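Please open the model in your viewer and keep the sequence panel at hand. The tour below proceeds by selections, each followed by a description of what is found there.

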Amino acid sequence: MTCTADDACLSLQPPLLEVVDLAFTYVGQKQPTLKGVHLTLQAGELVALAGATGSGKSTLLNCLTGIAPEHTGGNLSGQVVYRGCEISHWSIRQRSQAMGVMLQNVETQLFTDQVWDEVVFGLENWNLPPGEIQALAQAALDEFNLAAQQTWRIGQLSAGQKQRLLLACLLTRHQEILILDEPFAYLDAAGVSLLLDLLQQRVRQGQAILLIEHRLELLRTLCDRAYRIDDGQISPWTLSEQKQAHPALKEADAMETSSPAHAFTARVESNLILQTHDLSWGGYPAFPDLRIHPQEVVLLKGDNGCGKTTLLKLLSGLLKPTTGQLDLLAHDVTRWSVVKIAPLVGFVLQNPNHQLFADSVQSEVMQPSVSPDQAEALLVQMNLKHCADKHPHALSQGQKRRLALAAVLARQPRICLLDEIMVGQDPTSLSLMLQTLKTFTDRGGTLIFTSHDPGVAKVLTPRVISLR
Ligand SMILES: Nc1ncnc2c1ncn2[C@@H]1O[C@H](COP(=O)(O)OP(=O)(O)OP(=O)(O)O)[C@@H](O)[C@H]1O
Ligand SMILES: [Mg+2]
């Protein structure tokens with residue numbers, strides 16, 4: 001049955017959302033990315049959607065919300081049924097009346113340049129009375145602990161704060177269906193627990209939630225059901241299976257007992273590869289002084305917005321400090337250009353889209369100093385060999401993060417800075433990444449990273465430096 005948005009709102013037939021025999025093929029691809037997808041979502045249930053990186057989760061989200069094929073191109077078949085009505089002909093705007101969506105790359109969904117404007121913008125588009133908008137916007141910012149940043153430019157927010165802002169905007173609107181692509185990715189522990197509580201509340205109030213997340217241990221108490229996508233096909237999946245098969249965590253246990261030499265806190269070398277003194281930026285208080293030895297693994301830990309990314313940018317030379325000094329291998333490099341520091345310090349950014357410039361996966365890694373064998377080995381190590389000819393921006397988000405890491409490691413830096421790059425990896429891909437990093441440090445590399453995932457710290461056994 002084909003109908004309009006108004007017809008659908010009058011109907012009360014379950015399930016709220018149903019997908020029937022959906023298939024999708026990207027432009028230029030011979031094989032479909034999704035095929036024969038059947039899925040249902042009822043009011044008042046939270047359903048998880050899992051699957052390896054690149055398996056098609058975000059593609060399915062795009063098909064449900066109308067982003068595919070309208071914005072991506074490609075060939076879509078099958079039916080998306082909302083309240084008994086086939087809605088394949090509905091625009092993204094029409095679907096947004098029923099579905100609130102949070103995309104995986106937070107930056108693609110922010111439209112204004114100021115925090116308050118962003119929350120108000122979404123509400124204004126819904127034609128709410130101005131008085132109501134003010135109250136709703138204020139409550140949303142309070143709820144996500146962003147009241148103090150209300151007058152900030154969005155560019156000043158950390159990734160976790162941007163994620164909180166997007167969630168604040170989204171949850172004010174109370175659509176019947178919420179579709180969230182890794183909404184926990186950049187949240188600190190307090191943000192994760194706040195969101196878990198809020199989602200629980202929303203489900204009790206009758207909203208239906210489809211949630212893409214790799215760390216299903218976060219969701220065990222929350223989810224009613226789960227699906228898993230493998231090779232473009234979806235099947236029902238029980239969350240307890242995830243518990244038994246979490247290779248990253250298993251590996252962590254094995255490493256903890258088998259390689260005590262990895263506990264770098266016990267090292268005695270006095271030579272330092274990196275040292276900072278009184279480093280500060282932009283009028284904020286100085287960071288704690290760092291004294292880092294070769295081969296050390298250091299975790300910079302702290303809540304959303306505490307300055308982890310800023311510190312990494314200072315260490316890489318991307319930002320110049322307002323006060324203080326940065327020494328690398330006993331040289332004062334505080335005023336060195338980023339280009340001069342780069343051969344020594346590799347930096348994998350939080351958002352891989354800012355770091356991929358070549359026209360194929362292969363050439364992203366095949367840089368001037370890299371032999372074909374080294375490039376091939378890195379692509380195999382990162383499980384990207386099968387994508388070698390693809391354009392880097394046609395990769396899934398998780399695949400892009402692995403490629404950005406491979407491209408930086410290919411240049412063989414002495415120090416590698418990683419900004420939350422382990423988010424959004426399925427257990428097998430996470431193990432591959434962690435194993436590669438372990439090899440890097442075993443061969444003499446020094447690692448300084450940020451991550452909110454306790455599973456990652458368990459494997460890398462870092463020295464923890466807390467930032468406030
Ligand atoms: N624009 C595009 N053109 C061609 N192929 C694409 C395009 N976008 C995505 N793909 C491919 O489709 C497959 C599924 O990608 P998708 O982003 O849906 O994966 P995902 O399951 O969301 O992964 P992740 O967990 O990493 O986010 C991947 O192999 C990816 O390379
Ligand atoms: Mg995705």
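Which residue in β4 does L17 stand opposite? Select L17 and then Y82: Y82 is the residue in β4 that faces L17. Please bear in mind throughout that this is a predicted model.

**First stop: the sheet around β1**

Extend the selection to residues 17–25, strand β1, and to residues 75–82, strand β4. These two strands run antiparallel and are paired over 7 bridges. Now add the remaining members of the sheet, which is open, has 4 strands and follows the order β2-β1-β4-β5 with antiparallel pairing. Colour β2 (34–41) and β5 (85–86) separately, since these are the edge strands, each of which pairs on one side only.

**Second stop: helix α2**

Select residues 57–65 next, which form helix α2. This helix lies across β1, β2 and β4, and its direction makes an angle of about 65° with β2.

**Third stop: ligand 1**

Keep α2 displayed and show ligand 1 together with the residues around the ligand, 21 in number. The closest are T53, S58, T59, S396 and G398. Which elements give two or more residues to this shell? They are α2 and α15, the latter spanning 397–410. Colouring the shell by residue class gives 16 polar residues, 3 nonpolar and 2 charged.

**Fourth stop: the sheet around β11**

Move on to another open sheet of 4 strands, with antiparallel pairing and the order β12-β11-β14-β15. Select β12 (291–292) and β15 (331–332) to see the edges: each has a single partner strand, so one side of each lacks a neighbour in the sheet. Then select β11, residues 274–280, which is antiparallel to β12 and joined to that strand by 2 bridges. For a specific pair, pick Q275 and R291: R291, in β12, is the bridge partner of Q275.

**Last stop: the whole chain**

Finally, clear the selection and view the entire chain, which contains 17 helices and 19 strands. Along the principal axes, its C-alpha atoms fill a box of roughly 70 × 50 × 40 Å. The radius of gyration is 23 Å, in agreement with the value near 23 Å that a compact globule of 468 residues would have. If you colour by burial, 44% of the 468 residues count as buried. A contact map completes the view: among contacts between residues at least 6 apart in sequence, 73% join residues at least 24 apart.

Notes: Residues are numbered from 1 along each chain as its sequence is written. Chains are lettered from A and ligands numbered from 1 in the order in which they are written. This is a predicted model: local features need pLDDT of at least 70, side-chain atom pairs count only at pLDDT 80 or more; totals for chains, interfaces and linings use all residues. Two strands pair if DSSP finds at least two bridges between them. Two residues are in contact if their C-beta atoms, placed from the backbone, lie within 7 Å. Axes are lines fitted to C-alpha atoms, for helices over the stretch in contact, and angles run from 0 to 180 degrees between N-to-C directions. A residue is near a molecule or strand if its C-beta atom, placed from the backbone, lies within 6 Å of it. Ala, Val, Leu, Ile, Met, Phe, Trp, Tyr, Cys and Pro count as nonpolar, Asp, Glu, Lys and Arg as charged, and the others, Gly among them, as polar. The radius of gyration is taken over C-alpha atoms; the globule rule is 2.2 Å times the number of residues to the power 0.38. A residue is buried if 20 or more other C-beta atoms lie within 10 Å of its own, exposed if 12 or fewer, and partly exposed in between; C-beta atoms are placed from the backbone.
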